[in-house]
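Reader: Hello! Could you walk me through this model, one question at a time?
Author: Gladly; let us look at it together.

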Amino acid sequence: MHKAIRTMTIASLCIPLFMAAQSGSNVTLPQDKGPSKIDVASYPPDQQKGYKVFADKCSKCHTIARPINTTMTRPEWERYVKRMMHKPNSGIGDSQGKTIFDFLAYDQENRKDKNPSAFSKSLSDEEIEKLKAQQH
Ligand code: HEC
């Protein structure tokens, strides 16, 4: 009996924590609706490997379409990969973060920068909050 109450108390404390960690991933951003794949056949072998790490690690909380269709400068990607790595339970270690950043920087220069109007600029925290409010 006491054990059941304790389990229920622990569960009810954990659910809001879990939801807080996920907030921002349960909102649809404009870039989430774009393609969810990159044709990397012409990329150097190292970048093709990097693409796999990126596709695996960066699709845990939101669709991989989000980073695929977002255009940023190189320093912005550097900051952004760190921001994603530091989210609770990101599952992204330092060396994986470096591999992913190298891939995103290469992909930015060789795909996105050549056709910038096809991609979305990153949104501010305020813009993301606004979309969240509209969608819930
Ligand atoms: C632990 C969950 C999690 C993981 C893993 C994760 N993200 Fe995110 N991502 C989020 C959340 C939540 C947001 C919404 C903005 C915020 O809260 O920072 C977001 C937003 C974004 C955006 C939108 C930027 C904008 O302002 O329009 C991009 C791009 C992005 N993530 C790229 C990545 C990349 C690249 C990786 C892999 C290195 C990654 N994410 C891994 C949770 C995650």
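Reader: Thanks! In which helix is the place of Trp-77?
Author: Happy to start there, with the note that this is a predicted model. The helix in question covers residues 74-85, and Trp-77 has its place in it. The name asked for is α4.

Reader: Does Trp-77 count as buried or exposed?
Author: The cut-off for buried is under 20% relative accessible area. Trp-77 has a relative accessibility of 3%, so Trp-77 counts as buried.

Reader: Which residues is Trp-77 in contact with, leaving aside its neighbours within four places in sequence?
Author: Some come before Trp-77 in the numbering: Pro-67, Thr-70 and Met-72. The others are Phe-101, Leu-104, Gln-108 and Lys-112. With one of these, the contact is also polar, side chain to side chain, at 3.0 Å: Gln-108.

Reader: How far apart in space are Trp-77 and Ile-100, C-alpha to C-alpha?
Author: In sequence, 23 residues separate Trp-77 and Ile-100. In space, their C-alpha atoms are apart by 9.7 Å.

Reader: Let me zoom out. What pattern does the protein follow along the sequence?
Author: The secondary structure consists of six helices and two strands. Taken in order along the sequence, they give α-α-α-β-α-α-β-α.

Reader: What share of the contacts with a separation of 6 or more comes from residues 24 or more positions apart?
Author: Contact here means heavy atoms within 4.5 Å. Among contacts with a separation of 6 or more, those between residues 24 or more positions apart account for 76%.

Reader: And the surface: what part of the exposed area do carbon and sulfur atoms supply?
Author: The protein has 136 residues, and 31% of them count as buried. The area that the protein exposes is about 9200 Å². Of this area, carbon and sulfur atoms supply 58%.

Reader: Which element gives the largest share of the largest nonpolar core?
Author: This core has 18 residues, and Ile-38, Phe-54, Ile-100, Phe-103 and Leu-104 touch the most other members. At least two residues each are supplied by α2 (45-57), α4 and α5 (94-112). The largest share is five residues, and it comes from α5.

Reader: Which residues does Ile-38 contact, apart from its neighbours within four places in sequence?
Author: Ile-38 is among the core residues that touch the most other members. Its contacts include Phe-54 and Phe-103, both also in that group. The full list is Tyr-43, Tyr-51, Phe-54, Ile-68, Phe-103, Asp-107 and Arg-111.

Reader: Now the ligand, my favourite part! Which residue's side chain has an N or O atom 2.8 Å from a nitrogen atom of the ligand?
Author: Of the 25 residues around the ligand, Cys-58, Cys-61, His-62, Arg-83 and Met-84 come nearest. An oxygen atom of the ligand is 2.8 Å from a side-chain N or O atom of Gln-31, and another oxygen contact, at 3.0 Å, involves a polar side-chain atom of Lys-87. For the nitrogen atom of the ligand, the residue is His-62.

Reader: Is His-62 buried or exposed?
Author: His-62 lies in the loop between α2 and α3. Beyond its neighbours within four places in sequence, His-62 is in contact with Pro-67 and Met-84. Its relative accessible area is 16%, so His-62 is buried.

Reader: Finally, which element gives the most to the shell around the ligand?
Author: By class, the shell has 13 nonpolar, eight polar and four charged residues. The element that gives the most to the shell does so with three residues, and that element is α4.

Definitions and conventions: Residues are numbered from 1 along each chain as its sequence is written. This is a predicted model: local features need pLDDT of at least 70, side-chain atom pairs count only at pLDDT 80 or more; totals for chains, interfaces and linings use all residues. Side-chain values use heavy atoms; hydrogens and water are left out. Helices (H or I, at least four residues) and strands (E, at least two) are DSSP runs, numbered from the N terminus. Buried means under 20% relative accessible area, exposed over 50%, partly exposed in between (1.4 Å probe, protein chains only). A polar contact is a pair of N or O atoms within 3.5 Å; within protein, one must be able to donate a hydrogen and the other to accept it, and residues adjacent in sequence count only if both atoms are side-chain atoms. Accessible areas come from the Shrake-Rupley method with a 1.4 Å probe; for residues, only the protein chains shown count as cover. A nonpolar core is a set of buried Ala, Val, Leu, Ile, Met, Phe, Trp, Tyr and Cys residues joined through side-chain atoms within 4.5 Å. A residue is near a molecule or strand if one of its heavy atoms lies within 4 Å of it. Ala, Val, Leu, Ile, Met, Phe, Trp, Tyr, Cys and Pro count as nonpolar, Asp, Glu, Lys and Arg as charged, and the others, Gly among them, as polar.
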